[in-house]
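Student: Please take me through a close look at a single part of this model, beginning with its surroundings, and then follow the packing outward from there.

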Amino acid sequence: FSKSLQAIQPMMDRIGVRCIVCNTNYMAFTDSRIILQSFNAMVLSPALILGGLFSAFYIPSSYRFNDFFRNGSHLMMDHLLATETMETTHEGSHLKRTEKTRVISNWSETYSTLRVCALRTGYDQDTGSVQNCCRCEKCIRTMMSLELHGGLQNYTVFPSKVRKHHIWLCNYWYKGVRLFAQEIISDAFKARRYGIMIDFCVAIIVSSLV
């Protein structure tokens with residue numbers, strides 16, 4: 001984490017944003033089975049504790065309004081986690097994840113700072129670039145979204161290429177991540193990138209069998 005922060009700090013300084021790091025003991029009394037249904041409490045708690053210092057707290061939404069299902073962050077519920085002086089709002093809930101990735105790909109500051117990895121994230125001291133694992137489901141879907149929009153070659157944060165079998169091994173048993181895979185399938189079909197479309201279809205089928 002400290003190395004990733006070191007990578008993004010120059011960018012934060014240039015755009016005039018202060019990064020405040022918060023620690024939590026939430027994981028000490030929960031586990032992976034519960035966190036999928038409650039993780040937004042961990043995201044919101046620092047703002048609620050310091051509610052008098054903020055008038056608004058923005059959550060980068062994972063899903064769109066028409067993608068309703070029970071999850072640890074919910075568009076219809078999170079706004080209730082507020083105070084008399086602080087409003088909670090989902091930002092970008094009208095966009096698909098692939099559309100958000102396309103927007104980000106136009107921001108050159110992210111080419112060496114984008115951190116999406118769910119497993120392990122490194123830091124290249126020579127280039128000053130974040131290094132994602134390129135193998136976890138989050139890395140692969142981000143890389144393929146960037147590939148569909150022609151932006152992957154600009155990023156130094158993905159040092160390894162994705163092969164077909166890496167996509168096939170992604171686990172889409174959970175509806176939340178399966179929605180992201182389906183978005184990529186739709187975008188790949190529209191872009192006539194049928195190879196990518198078929199690879200994610202295979203991954204969804206394999207996930208349903210294991």
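Tutor: Among the elements that cover the buried residues of helix α1 are the strands β3 (121–124) and β4 (129–132), where contact means heavy atoms within 4.5 Å and helices (H or I, at least four residues) and strands (E, at least two) are DSSP runs, numbered from the N terminus. This is a predicted model, in which local features need pLDDT of at least 70 and side-chain atom pairs count only at pLDDT 80 or more, while totals for chains, interfaces and linings use all residues. Residues are numbered from 1 along each chain as its sequence is written, and side-chain values use heavy atoms, with hydrogens and water left out.

The residues of α1 that are buried are Ser-4, Ala-7, Ile-8, Met-11 and Met-12 (buried is under 20% relative accessible area, exposed over 50%, partly exposed in between, with a 1.4 Å probe and protein chains only). Ile-8 is also where α1 has a kink of about 40°, shortly before the proline Pro-10; the bend is the angle between axes fitted to the seven residues ending at a residue and the seven starting there. Over its 14 residues, 2–15, α1 reaches 20 Å from its first C-alpha to its last, close to the 20 Å expected, the expected span being 1.5 Å times one less than the number of residues. Gly-16, with a positive phi near 75°, follows α1.

The strand β4 leads on to helix α5, since what covers the buried residues of α5 includes β4 along with α4 (97–104), α6 (164–168), α7 (175–190) and α8 (194–209). Helix α5 is mostly covered, with ten of its twelve residues buried, among them Cys-139, Arg-141 and Leu-148. Just after α5, Gly-150 takes a positive phi of about 75°.

Helix α7, in turn, brings us to the aromatic rings, of which the whole structure holds six pairs (centres within 6.5 Å; planes under 30 degrees apart are stacked, over 60 edge-to-face, the rest tilted). One of them joins Tyr-63 and Phe-180 in a stacked pair, 5.1 Å centre to centre with 5° between the planes. This pair links distant parts of the chain, for Tyr-63 sits in the loop between β1 (56–60) and β2 (87–91) and Phe-180 in helix α7, 117 residues apart. Tyr-63 is buried at a relative accessible area of 11%, and Phe-180 counts as buried at 5%.
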